[in-house]
Amino acid sequence: MAVQVVGRSLMTSDQTPHQARSVGIGGWVVSFLPGRTLTLEQATAALQAAEAVTAVRSLANRVGLTPLETVGLAMQEPPWAEPVRPNRRRGWLE
């Protein structure tokens, strides 16, 4: 994942086609968040999130799900409980 700022006015990534552009006075707009003005840190996080979506899409395809299904199920379904381990007999030295 590599988000880069080009010429202090454009932010790009080698993992996603989404971009962010400077709108002056420290404000940035991101291609998939129209109408929102973000800070540099927020715009960077948004592009990193877009990169994560690219990774999720690739993994979701491997298991036959859409990215939305994958994220939704991973967020909704509780993880399995830890396996119950049999009690060890305590020796007299413990």
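This tour proceeds through a predicted model, from the whole chain to the sheet, the helix, the core and one loop residue.

**Whole chain.** Begin by colouring the chain by pLDDT. The average is 89, and 91% of the residues score at least 70. Among the elements, S1 has the lowest mean, 82, while S4 has the highest, 96. Where pLDDT is low, the predicted coordinates should not be read in detail.

**The sheet.** Next, select strands S1 to S4. They form an open sheet of four strands in the order S1-S2-S3-S4, and the pairing is antiparallel. Strand S1 (3-6) and strand S4 (27-30) are the edge strands, each pairing on one side only. On average, neighbouring strands of the sheet are turned by 25 degrees against each other, direction ignored.

**The hairpin of S3 and S4.** Now restrict the selection to strand S3 (residues 20-24) and S4, which are joined in the antiparallel sense over four bridges. Two facing pairs may be labelled here: Ala20 lies opposite Val30 in S4, and Gly24 lies opposite Gly27 in S4. Two residues lie between the strands of this hairpin, and Ile25 adopts a positive phi near 50 degrees.

**The helix.** Add helix H1 (residues 40-62), which packs on the sheet and touches S1, strand S2 (10-13), S3 and S4. The direction of H1 makes about 25 degrees with that of S2.

**The core.** Show the side chains of Met11, Ala20, Trp28, Val30, Leu33, Leu38, Ala43, Ala46 and Leu47; these nine residues constitute the largest nonpolar core. S4 and H1 are the elements that give two or more residues to it, and H1 supplies the largest share, three residues. Centre the view on Leu47. Which residues does Leu47 touch, not counting those up to four places away in sequence? They are Val3, Met11, Thr12, Thr16, His18, Gln19, Ala20 and Val30. Of these, Met11, Ala20 and Val30 also belong to the core.

**A loop residue.** Finally, select Thr39, in the loop between S4 and H1. Is Thr39 buried, partly exposed or exposed? Its relative accessibility is 39%, and Thr39 therefore counts as partly exposed. Apart from neighbours within four places in sequence, Thr39 is in contact with Gly26 and Trp28, the latter being one of the core residues. To end the tour, draw a distance from Thr39 to Ala74: the two are 35 residues apart in sequence and 29 Å apart in space, C-alpha to C-alpha.

Technical notes. Residues numbered from 1 in each chain as written. Predicted model: local features only at pLDDT ≥ 70, side-chain atom pairs only at ≥ 80, totals over all residues. Heavy atoms only, no water. Pairing = 2+ DSSP bridges. Axes fitted to C-alpha atoms, helices over the stretch in contact; angles between N-to-C directions. Contact = heavy atoms within 4.5 Å. Core = buried A, V, L, I, M, F, W, Y, C linked by side-chain atoms within 4.5 Å. Buried < 20%, exposed > 50% of the residue type's maximum accessible area, 1.4 Å probe, protein only. pLDDT = per-residue confidence, 0-100.
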